[in-house]
Amino acid sequence: MKLQLKKLACAVLTSTAAILAAPAAHADFISFEAVTNVVTPTLSAGDTIYTGGQSFKDSGFKMTVNDSAFWQSLGASGQAGAIFDGSNPASCNQVFSCPSGNLSHYFGGENDGSLTIMRDGGVGFFSVSSLNFAFLAPLGGLPDGVYGQLRLTGLLTDGSTVSAAKDFAGQDQGGNFPFANWLLDPEFSRLNLSSLTIDACMFDGAGNCVNDASAPVFLAQFAVDDLQVEVPLPGTAPLMLLGMAGLAMIRRRRAQ
């Protein structure tokens, strides 16, 4: 009996140690390089243009482009985002002053619009630890300065929300607004999110940062790329519960 108990204890402890040592989540990047469109978007000079309500998928996530709250209040819809090709000189430059420092595909939120990210199928949670972002200027030749912020709003699995914001970088030596890396605080990056909404706000000169097309400031526009996300590995939680049950059984038998 003691020998059997010892063998059981060794097996449970070994499997539990393996579970604890194994990574609990799978890390990946949303890079906008292998996008599958849910609804056929408009194509223009190599750019993929999205109106409010249209969606696309990448890296196991579904992303929905949203019109601004201002346009939604009017019952209107229009161009709210696009996927630009940083290696294509004709991309983005037709309408905006493109950000520098990125030769790959990236998403641009336009006209006060936003982007909502969730797991494909709408089931499951995820976390995000870093991303690259830039100010998508509405026109070139702007004076150097910090014009606004990128904002993140996460919906937690219990229905509550969390938020974070970071200033856009100022111009580089070429007069362009460059991409910068945002390494999120550990308090935010460890949270389990059901969805994440990304938008921008512009400083209005009165101490406020606003996202409102009726305000006398530039449109709140942004560019994002390379979001580092993590999703739980399938079966990690059940295996952990099994190991805990095994340890509890060993304790009961020893007590007897």
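# The C201–C209 link and I198

Biologist: How does C209 rank, buried or partly exposed?
Modeller: Buried means under 20% relative accessible area, exposed over 50%, and partly exposed in between (1.4 Å probe, protein chains only). C209 has a relative accessible area of 22%, so C209 is partly exposed.

Biologist: What kind of model is this?
Modeller: Residues are numbered from 1 along each chain as its sequence is written, and side-chain values use heavy atoms, leaving out hydrogens and water. Local features need pLDDT of at least 70, side-chain atom pairs count only at pLDDT 80 or more, and totals for chains, interfaces and linings use all residues, since this is a predicted model.

Biologist: Which residue does C209 join through a disulfide?
Modeller: A disulfide here is a pair of cysteine sulfur atoms within 2.5 Å. The rule gives a count of 1 disulfide. Its S to S distance is 2.0 Å, and the partner of C209 is C201.

Biologist: What handedness does the link of C201 and C209 have?
Modeller: C201 is buried, at 1% relative accessibility. The angle about the S-S bond is 90 degrees, and the link of C201 and C209 is right-handed.

Biologist: Where is I198 placed?
Modeller: Strands are DSSP runs (E, at least two residues), numbered from the N terminus. I198 is buried, with a relative accessible area of 0%. Its place, within residues 193-203, is strand β14.

Biologist: What distance separates the C-alpha atoms of I198 and T153?
Modeller: Contact means heavy atoms within 4.5 Å. Beyond four places in sequence, the contacts of I198 include L150, R151 and L152. T153 is 45 residues from I198 along the chain, and their C-alpha separation is 6.6 Å.

Key. Helix = DSSP H or I, 4+ residues; strand = E, 2+ residues; numbered from the N terminus.
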